[in-house]
Amino acid sequence: MTESPTIHPTRPESTVSTQPTPLFGSEADSFVQQLRLAAQAHRSGRLDEAISSYLRLLAVRPYHAELHNNLGVALRLVGKLDASVSHHRLSLAADPGNPALHSNLGNALRAANRLDEAVKHHFQSITLNRDYAEGFFNLALCLRDLGRLDEAVGCFGRALALNPDNRRARVELAIALLMRGELQEGFAAYEARKRLPETPTPDFSQPAWDGGAIRGKRILLYPEQGLGDVLLFVRFARELKRRGATVLVLCQALLKELLGTVDFIDGVVAEGEPLPEFDVHASMVSLPHLCRADFAALAAEPPYLRAPAESRIKLGRLERAKLRVGIYWAAMPGQLLDRQRSAPFAQFLALAGDPELLVFSLQGGVHQKDIQQFGAGGLVHDVGRGIFDFAEAASALSQLDLLISIDAPIAHLAAATGMKTWVLLPSTADWRWQLGGAEAPWYPSARLFQQPAPGDWAPVFASLRTELEALKRQ
């Protein structure tokens, strides 16, 4: 879930002066008024305007704690993390006993993937104020990122005890439970996400399905978050079909043809197309909870996605190549944590120097150009440029022996078809893959390779090369 663009309060702890300071020669155009206007732009999401205003005010009050704090928050939200950290340090230097300023510095350090430093400042914030709910919440986020799940759950609990109305804390606690493998409890708690402002609320006149009797009813399943979630959670529609429902799916256009091949789906409509008649609706992300899924039985279920009967993509072969391997290395720019999830293309390129491997790129988007920029056109065969939807991607995958991918929708697609899939994860893995271990509960054919420390891909690729050698000998 994304953080809302709010400014964590610094009063009453901060030492901000309440006396208006004349600015630009006008008594009315006071510092306090200008800071208030900048903060309003900030809260409204006009971050470039807010940053420009903060910088102008900084020339007048270079040691103002709240000004540096607000500027640091705004810079973090636009991804300028080094500058954000520095402004938060200046804010803290001006008001070192302020719990909120320690916590905001911790937030910036967490965004920069400097988790150990972030934990120290969050811990300092709750040391200064044992009843600082926001400090416990922010500390819990960092502890969860570090895999210290029991401690994180405890801190989320303390944050909620101090502020029971913190909806975001309930959602983040649910994610910690899911990462800890408590899937039944975690998915039940994760329903709290529907009360967050960024969770889309469908504009349907029909009621939401509550998990009750469904036989004879037409249920419309809709996408809530992204492509990967549709590929992952649509599997639970099989249970709806078993219970006698007519299953209709609303999805992104890129998925329409692929989902049309699923045997337990009765109809598929793309976003923007006229909706069919239906009786009830449900978010696909809610299906594990609403269906009371038996997670232990997932591994025994057959793959639920498949390529179209006739492939429009044909992958070649080479006589000496024992394995045809697909690769995908970069998240789409602008996605949350895309830099942490993406792996260097050079690491993948090293695999192409093996004559027993025939390497195909399924990479989409701007990072397709990495192949030419690295001079790898004769080593990595670019299939991604010819793939325009997920049905075509499934066609390409069906002709491979292995997919090696970062955390991306293509990894969910490959694993859902039952093909051998190796997923490369950052040290802070998304909850959908859970934390630690080499297996994901949803996909028997998937294997996970996770960084031991933030940004450290070298051990991941060392393990991967060892496994590739073993696979070639099979």
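The exercises below, each with a worked solution, look at helices and single residues in a predicted model.

Residues are numbered from 1 along each chain as its sequence is written, and side-chain values use heavy atoms, with hydrogens and water left out. Because the model is predicted, local features need pLDDT of at least 70 and side-chain atom pairs count only at pLDDT 80 or more, while totals for chains, interfaces and linings use all residues.

**Exercise 1.** Describe how helix 2 and helix 3 pack against each other.

Solution. Two packed helices are described by the angle between their axes and the distance between the axes. Helices are DSSP runs of H or I with at least four residues, and strands are runs of E with at least two, both numbered from the N terminus. Axes are lines fitted to C-alpha atoms, for helices over the stretch in contact, and angles run from 0 to 180 degrees between N-to-C directions. The axes of helix 2 (residues 47–58) and helix 3 (residues 65–77) come within 10 Å and cross at roughly 150°. Angles under 35 degrees count as roughly parallel, over 145 as roughly antiparallel, 65 to 115 as roughly perpendicular and the rest as oblique, and helix 2 and helix 3 are therefore roughly antiparallel to each other. The crossing of helix 2 past helix 3 is left-handed, a term used if the near helix is turned anticlockwise from the far one by less than a right angle.

Contact means heavy atoms within 4.5 Å, and by this rule residues of helix 2, including Leu 47, Ile 51 and Tyr 54, meet residues of helix 3, among them Leu 67, His 68 and Asn 70. By class, this contact of helix 2 with helix 3 has 11 nonpolar, 2 polar and no charged residues, where Ala, Val, Leu, Ile, Met, Phe, Trp, Tyr, Cys and Pro count as nonpolar, Asp, Glu, Lys and Arg as charged, and the others, Gly among them, as polar.

**Exercise 2.** Check the length of helix 5, and then find what its buried residues pack against.

Solution. The expected span of a helix is 1.5 Å times one less than its number of residues. The 13 residues of helix 5 (residues 99–111) should therefore span 18 Å, and the end C-alpha atoms of helix 5 are 19 Å apart, which agrees. Next, buried means under 20% relative accessible area, exposed over 50% and partly exposed in between, with a 1.4 Å probe and protein chains only. In helix 5, 12 of the 13 residues are buried, including Pro 99, Gly 106 and Arg 110. These buried residues pack against helix 3, helix 4 (81–94), helix 6 (115–128) and helix 7 (133–145).

For the partner helix 4, the axes of helix 4 and helix 5 are 9 Å apart and the packing angle is about 165°, and the two are therefore roughly antiparallel. Helix 4 passes helix 5 in a left-handed crossing.

**Exercise 3.** Decide whether Asp 229 and Ala 415 are buried or exposed, and name what each touches.

Solution. Asp 229 lies in helix 11 (residues 227–233) and counts as buried because its relative accessibility is 6%. Not counting residues up to four places away in sequence, Asp 229 touches Val 234, Val 285 and Arg 432. Ala 415 lies in helix 19 and is buried, with a relative accessible area of 5%. Leaving aside neighbours within four places in sequence, Ala 415 is in contact with Thr 421, Tyr 443, Ser 445 and Ala 446.
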